[in-house]
Amino acid sequence: MAKISVSTLLKKKQNGEKITSLTAYDASFAQLFADNGVDAVLVGDSLGMVLQGGDDTLAVSIDDIAYHTKCVRAGSRDLFVIADMPFMTYANVTQSCENAAKLMRAGANMVKLEGGEWLYDSIRALTQQGVPVCGHLGLTPQSVHVFGGFKIQGRDKEQADKMIADAKALEAAGAQLLVLECIPSVLAKAITEAVSIPTIGIGAGKDTDGQILVMHDLVGISAGYIPKFSKNFLLDTGNMPDAVKKYCDDVKSGAFPGPEHEFN
């Protein structure tokens, strides 16, 4: 595969080509994904749940993410690697820059921060220092206790309007990518049309510029629960490489996500 960059992802949005993405935590799966059509991987703090067995993502440390980022980068030099900034590692500009530097040195191409307009100064500082930034709006798992659980966001007009404004603010600050999680499809479409940077959806319908799934959900091995927005592609294919190819093909064709995976 050709080396993927932030420019590659932007060009895909501009050309109407869907971006394919999965979470990854080690070298073997990073290589598998690179070989079978995935554009970008996220070293997500979801590892706190799917690898460490926690109830949420809050216990994940910056050193955890740096370690797994290094492993993922070792698996593929060509994949675009996004690394999550964990809970309370970007509370101010100085902390954001120090922790982002650890992840970039570990092999990330971009760091991801959860939150809206309040992140403006940190994102601006990071991009000025040469760190590409991905924003994350909607159901932001690090705020799960504020939300009162893993709940759909943006269903009322006030929330929706605020999310659109936040998306524009993140882009203005310098963010070059935006993850939209567990929001109504109509809102995800509105945000995607309101910004010029690519949007990546998870539980956000088919009108985002790309899709991401937690890799464990893709193959049906998440402990006890498969989210409504996910699909077990291993059931249809019988082996891991074909499951990844099927996912990528279905994202690119628009077959996934279907109406059954969306929120209204």
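**Reading a predicted model, feature by feature**

Trainee: Where is D39 found?

Mentor: Keep in mind that this is a predicted model. D39 sits in the loop that runs between α2 (27-35) and β2 (40-43).

Trainee: Why does D39 count as buried?

Mentor: Buried means under 20% relative accessible area. D39 has 6% relative accessibility, so it counts as buried. Leaving aside neighbours within four places in sequence, its contacts are I4, L9, K12, K18, I19, T20, L79 and F80.

Trainee: How do I read the largest nonpolar core?

Mentor: In soluble globular proteins, nonpolar side chains tend to be buried together. Here the largest nonpolar core has 78 residues, and F33, L103, V111 and Y247 have the most contacts inside it. Take V111: beyond its neighbours within four places in sequence, it touches residues including I82, M85, L103, L126 and V133.

Trainee: How many disulfides does a search of the whole structure find?

Mentor: Zero. Look at C182, for instance: the nearest cysteine sulfur belongs to C134 and is 15 Å away. C182 also counts as buried, because its relative accessibility is 4%.

Trainee: And what about pockets? What volume does the second largest pocket have?

Mentor: Rolling a probe the size of a water molecule over the atoms shows where empty space is left. In this model, the second largest pocket has a volume of about 460 Å³. It is lined by 23 residues, and G115, G116, W118, T140 and S143 are the closest to its centre.

Trainee: Which element gives the largest share of that lining?

Mentor: That's α8, with five residues. By class, the lining has eight nonpolar, ten polar and five charged residues.

Methods: Residues are numbered from 1 along each chain as its sequence is written. This is a predicted model: local features need pLDDT of at least 70, side-chain atom pairs count only at pLDDT 80 or more; totals for chains, interfaces and linings use all residues. Side-chain values use heavy atoms; hydrogens and water are left out. A nonpolar core is a set of buried Ala, Val, Leu, Ile, Met, Phe, Trp, Tyr and Cys residues joined through side-chain atoms within 4.5 Å. Buried means under 20% relative accessible area, exposed over 50%, partly exposed in between (1.4 Å probe, protein chains only). Contact means heavy atoms within 4.5 Å. Helices (H or I, at least four residues) and strands (E, at least two) are DSSP runs, numbered from the N terminus. A disulfide is a pair of cysteine sulfur atoms within 2.5 Å. On a 1 Å grid over the protein atoms alone, a cavity is a set of points where a 1.4 Å probe fits but cannot get out, and a pocket is an open set with protein on both sides within 12 Å along at least five of seven lines; lining residues have an atom within 4 Å of a point. Grid points are joined across faces, edges and corners, and a volume is the space filled by probe spheres set on the points. Ala, Val, Leu, Ile, Met, Phe, Trp, Tyr, Cys and Pro count as nonpolar, Asp, Glu, Lys and Arg as charged, and the others, Gly among them, as polar.
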